[in-house]
Amino acid sequence: MGTDGPGVILAGLDGSDSSWRATAYAAGLARRQGAVLAVAYIQPILGAATALAGAAVEETTQEIAEELLAALREAEHRVREVWKVEWRFLTMRGDPYGGLAKLADELRADAVVVGVSEQAGHKVIGSVAVRLVKAGRWPVTVVP
């Protein structure tokens, strides 16, 4: 697109340890490459089992988004004197794979960075990271 190096690096953040490591890794890449860091939290869609608790679950996912944003701002403040990265926090409702794929396409992300799944069942049905890699639309880095 007329540039040398990535313009946007998308990191998926859900609050897990591996997603925080992935976000830190993506921030380092963005800093070194002079790219914008887009950090995304995809608020889960209500399943049939949780539909009855709808408002409470939706409120909880919004609180999680606010807590993640506050933690990102605090981290930025701690390292402000050392280095600065242009970043933005994005959140939307949906399934994690679909939300990250949609954002990566909309942002024209040059790379996607996610943490390895910490859920046991994903070894059988596939994790978000595996699905992003299999999509083959962006370079994907999976951080342990």
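**Contacts, burial and salt bridges in a predicted model**

Student: Which residues does Thr23 touch, not counting residues up to four places away in sequence?
Tutor: This is a predicted model, and in it Thr23 is found in helix α1, residues 17-33. With a relative accessible area of 4%, Thr23 is buried, because buried means under 20%. Leaving out residues up to four places away in sequence, Thr23 touches Ala11, Gly12, Leu13, Val39 and Leu72.

Student: How far apart in space, C-alpha to C-alpha, are Phe89 and Val39?
Tutor: Phe89 is found in strand β3, residues 87-93, and is buried, with a relative accessible area of 18%. Apart from neighbours within four places in sequence, Phe89 is in contact with a set of residues that includes Val39, Tyr41 and Leu72. Although Phe89 and Val39 are 50 residues apart in sequence, their C-alpha to C-alpha distance in space is 4.9 Å.

Student: Is Gly115 buried or exposed?
Tutor: Gly115 lies in strand β4 and touches, among others beyond four places away in sequence, Ser18, Ala22, Ala129 and Val142. In space Gly115 is 5.9 Å from Pro144, C-alpha to C-alpha, with the two positions 29 residues apart in sequence numbering. Its relative accessible area is 16%, and the limit for burial is under 20%, so Gly115 counts as buried.

Student: With which side chain does the side chain of Ser16 make a polar contact?
Tutor: Ser16 lies in the loop between β1 (8-12) and α1, and at 17% relative accessibility Ser16 counts as buried. The polar contact, at 2.7 Å, joins the side chain of Ser16 to the side chain of Asp14.

Student: Why are Glu106 and Lys102 separated by about one helical turn, and what is the N to O distance of their salt bridge?
Tutor: Side chains of opposite charge can pair when their charged atoms come close. Glu106 and Lys102 are four residues apart in helix α3, which means that about one helical turn separates them. Lys102 counts as partly exposed, at 43% relative accessibility. The side chains of Glu106 and Lys102 meet in a salt bridge whose N to O distance is 3.9 Å.

Student: Which residue meets Asp105 in a salt bridge?
Tutor: The salt bridge of Asp105 has an N to O distance of 2.6 Å, and its other side chain belongs to Arg137. The pair links distant parts of the chain, since Asp105 is in helix α3 whereas Arg137 is in the loop between α5 and β5 (140-143), 32 residues apart. Asp105 counts as partly exposed at 40% relative accessibility, and at 45% so does the partner that was asked for, Arg137.

Student: What is the phi of Arg108 near?
Tutor: Arg108 lies in the loop between α3 (96-107) and β4 (111-115). With a relative accessible area of 52%, Arg108 is exposed, because the class begins over 50%. Phi of Arg108 has a positive value in a residue other than glycine, near 55°.

Student: Which residues make the nonpolar surface patch of about 210 Å²?
Tutor: One of the residues in the patch is Val133, whose place is in helix α5, residues 128-135. At 46% relative accessibility Val133 counts as partly exposed, and patches are made of residues with over 30% relative accessible area, so the value for Val133 is above that cut-off. The nonpolar patch is made by Val116, Val133 and Val142.

Terms used: Residues are numbered from 1 along each chain as its sequence is written. This is a predicted model: local features need pLDDT of at least 70, side-chain atom pairs count only at pLDDT 80 or more; totals for chains, interfaces and linings use all residues. Side-chain values use heavy atoms; hydrogens and water are left out. Patches are made of residues with over 30% relative accessible area and no salt bridge: like charges are joined within 9 Å, nonpolar side chains (Val, Leu, Ile, Met, Phe, Trp, Tyr) within 5 Å. Accessible areas come from the Shrake-Rupley method with a 1.4 Å probe; for residues, only the protein chains shown count as cover. A salt bridge is a side-chain nitrogen of Lys or Arg within 4 Å of a carboxyl oxygen of Asp or Glu. Helices (H or I, at least four residues) and strands (E, at least two) are DSSP runs, numbered from the N terminus. Buried means under 20% relative accessible area, exposed over 50%, partly exposed in between (1.4 Å probe, protein chains only). Contact means heavy atoms within 4.5 Å. A polar contact is a pair of N or O atoms within 3.5 Å; within protein, one must be able to donate a hydrogen and the other to accept it, and residues adjacent in sequence count only if both atoms are side-chain atoms.
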